[in-house]
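Student: Could we go through this one together, with you showing me the reasoning behind each label?
Tutor: Gladly; have a look at it first.

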Amino acid sequence: MGSAFFDARDRQEAASRDGDAVSSRGGAANGGLRKAAMLQALASVLWIPQAGLLAVSVGRIADGGGLADVLWPAFGILLLGFAKSSLDAAGGRLAFHAARAELSRRRRLAAATLSLSSPLDRTRPASGKAVSVLGEQAELIVPYLSRFQPARLKASLVPLVILAFILPVSWIAALVLLFAAPLIPVFMALIGWRAQAASEKQLVATGGLNGFLLDRLRGLATIRALDAVDATALRLRAEAQSLRTRTMAVLKIAFLSSAVLELFAALGVAMIAVYVGFSLLGEIGFGTWIGRLDLTEGLFILLLAPAFFEPLRELSAVWHDRAAGEAALKALDALAADGLSIRGSADASALADATAPAIRIDNLAFRYAGDEPFVLDDFNLDIAAGEHLALLGASGSGKSTLLSLTAGLAPITGGRIVIGGTELTDDSAAALRGGMAWIGQKPHVFAGTIAGNIALGRLGIAPGDVSTALETARLGRVAEAYGSRPLGEAGIGLSGGEALRLAIARAACNRHLKIILADEPTAHLDAETAAEVTESLLSLASGRTLIVATHDPLLAARMHRTLRIDADIVMREAAE
Ligand SMILES: Nc1ncnc2c1ncn2[C@@H]1O[C@H](COP(=O)(O)OP(=O)(O)OP(=O)(O)O)[C@@H](O)[C@H]1O
């Protein structure tokens, strides 16, 4: 299994904080978006009185009126224009802030779920993909929420209001608009289905390419050593080509949807213009409720016709945002979906008991999935307080699994684990884990200084604690040599043994540390380095309970007791 030092308490806190706040903040974001949409819709509707005043002014001038006749209407138009742009700007700002708040909320939720996912979960998303969804794709939610949602409300409200103003002037103009308008949403919906599918495929391809790149970058040395550079480059080209094709498909649909809408909007406005023009020329004498259409009425209708289609055109312009945004939401939700998670999501601090705890395992049963065989079945083990135990056993016998279950990194299938008199449950796991350290085969070393890598930004660690930890881990000389120079990514600059001693130093900084779980800490090390790591580990474990899974007889010999985890199987095989 993967080896990593963990301080799960910070993650637990984040998760529980987020969990509590999800519903209330989600509601606030929706409320903000609705308010923003209403403001923008109101701004659009203000064009109706503006158009009315404009038509009246032109009518008065045509009737021979002077400047005095149009002064007040002109002032009204100016005032309404100012109100319209203020409302529009305020709505836009509000929508943007609400959308960003919603994005942050969803990101936090997905990150908290990811941080609590079990290291034993095989179905966890690839790191590159998770980064791509959280960092890049999630941003697509902002234009979707801040532009599409208000545009949709506008498109469903504003044309109806405009229609209500045109109908009393000319029933035929209202009828033309009424028939032209529904064609647009119908075509948009037809295209929308395809757009969303294409967007989802494109996001999957983007995530896949990111995951592939990160994976291959990590394995660059292996790729070079095995002369697989060309094959990898070809595969990269194929992946990039597939992403290109999918991006072009999305763009094609986006252009098509705009073209369809522009066509219908142009036809609608043209028909109104023809009707108004011929009415004013006296060629058409019907379509109004009383008498003939005059210049003021004709102009009023003409000015409102493009405004009738405007919200629909706006909706079409952001139609692509919807497809991309919903696909991004789906990807984020999938990231936040439940997988196998570590036990205990409650906010908890480490248990106060200062003594090293005893560990009792009763009738433990565990399997990774319902359809897989049991890795541990009816397993019993008693470890005394402060005891150092070596777990031995053939590869695959379940040593690492047992350590993980003791740390509460996955829910057990049956039985119970009692640590220092407290049963390991979802409620107690976080607090118990606060007193544990995990030392694996390959600790992850972050790019940064050695001291930074040891303290890991944990609260309450003084520089003095880091020096003591360096001493415990016998890493003082290496740290001195490095000074404040940073280590490279993934611990470049440290030998395997030094990286392990760094993990031991990290553990030594935990003042609540009472249990050390070490998973093959001396694997892949030469005898001399293995001996150094063993000494560091024993210094750390002094006065604490230690369980070490190992194949190393020298390390096992330094423990108080050794236990073969597959003893039953070995005995059964011997009897046969
Ligand atoms: N994350 C996982 N998901 C599903 N099955 C797993 C997972 N990790 C281990 N297994 C399976 O569980 C069994 C026990 O594995 P485990 O890693 O605990 O053995 P181990 O004794 O530590 O082996 P080794 O000495 O090689 O490290 C193996 O059959 C393995 O294939």
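Student: What phi does G282 take, just after helix 8?
Tutor: In this predicted model, G282 takes a positive phi of about 90 degrees.

Student: How do you know that helix 8 reaches close to its expected span?
Tutor: Helix 8 runs over residues 229-281 and has 53 residues. The expected span is 1.5 Å times one less than that number, which gives 78 Å, and the first and last C-alpha atoms are 77 Å apart.

Student: What makes V250 and I253 of helix 8 count as buried?
Tutor: A residue is buried if 20 or more other C-beta atoms lie within 10 Å of its own. V250 and I253 are buried, so they meet that cut-off. Other buried residues of helix 8 include L261, F264, G268 and Y275.

Student: Where does UniProt place the "transmembrane region"?
Tutor: The unreviewed UniProt entry puts this feature at residues 160-193 and 253-277. Over residues 253-277 the model is 100% helix and 0% strand, with end C-alpha atoms 36 Å apart.

Student: Which residues come nearest to the ligand?
Tutor: Y368, S395, K399, S400 and T401, out of 14 around the ligand. Helix 11, residues 399-406, gives the most to this shell, with three residues. By class, the shell has five nonpolar, seven polar and two charged residues.

Student: And why is L502 said to be in contact with P443?
Tutor: Contact means C-beta atoms within 7 Å, so this pair meets that limit. Among the other contacts of L502 are V445, I450 and L494. L502 is also one of the residues that touch the most other members of the largest nonpolar core, which has 139 residues.

Technical notes
Residues numbered from 1 in each chain as written. Predicted model: local features only at pLDDT ≥ 70, side-chain atom pairs only at ≥ 80, totals over all residues. Near = placed C-beta within 6 Å. Helix = DSSP H or I, 4+ residues; strand = E, 2+ residues; numbered from the N terminus. Nonpolar A, V, L, I, M, F, W, Y, C, P; charged D, E, K, R; others polar. UniProt positions renumbered as here; feature names shortened; annotations may be inferred. Buried ≥ 20, exposed ≤ 12 C-beta atoms within 10 Å, placed from the backbone. Core = buried A, V, L, I, M, F, W, Y, C linked by C-beta atoms within 7 Å. Contact = placed C-beta atoms within 7 Å. Lists of a residue's contacts leave out its neighbours within four places in sequence.
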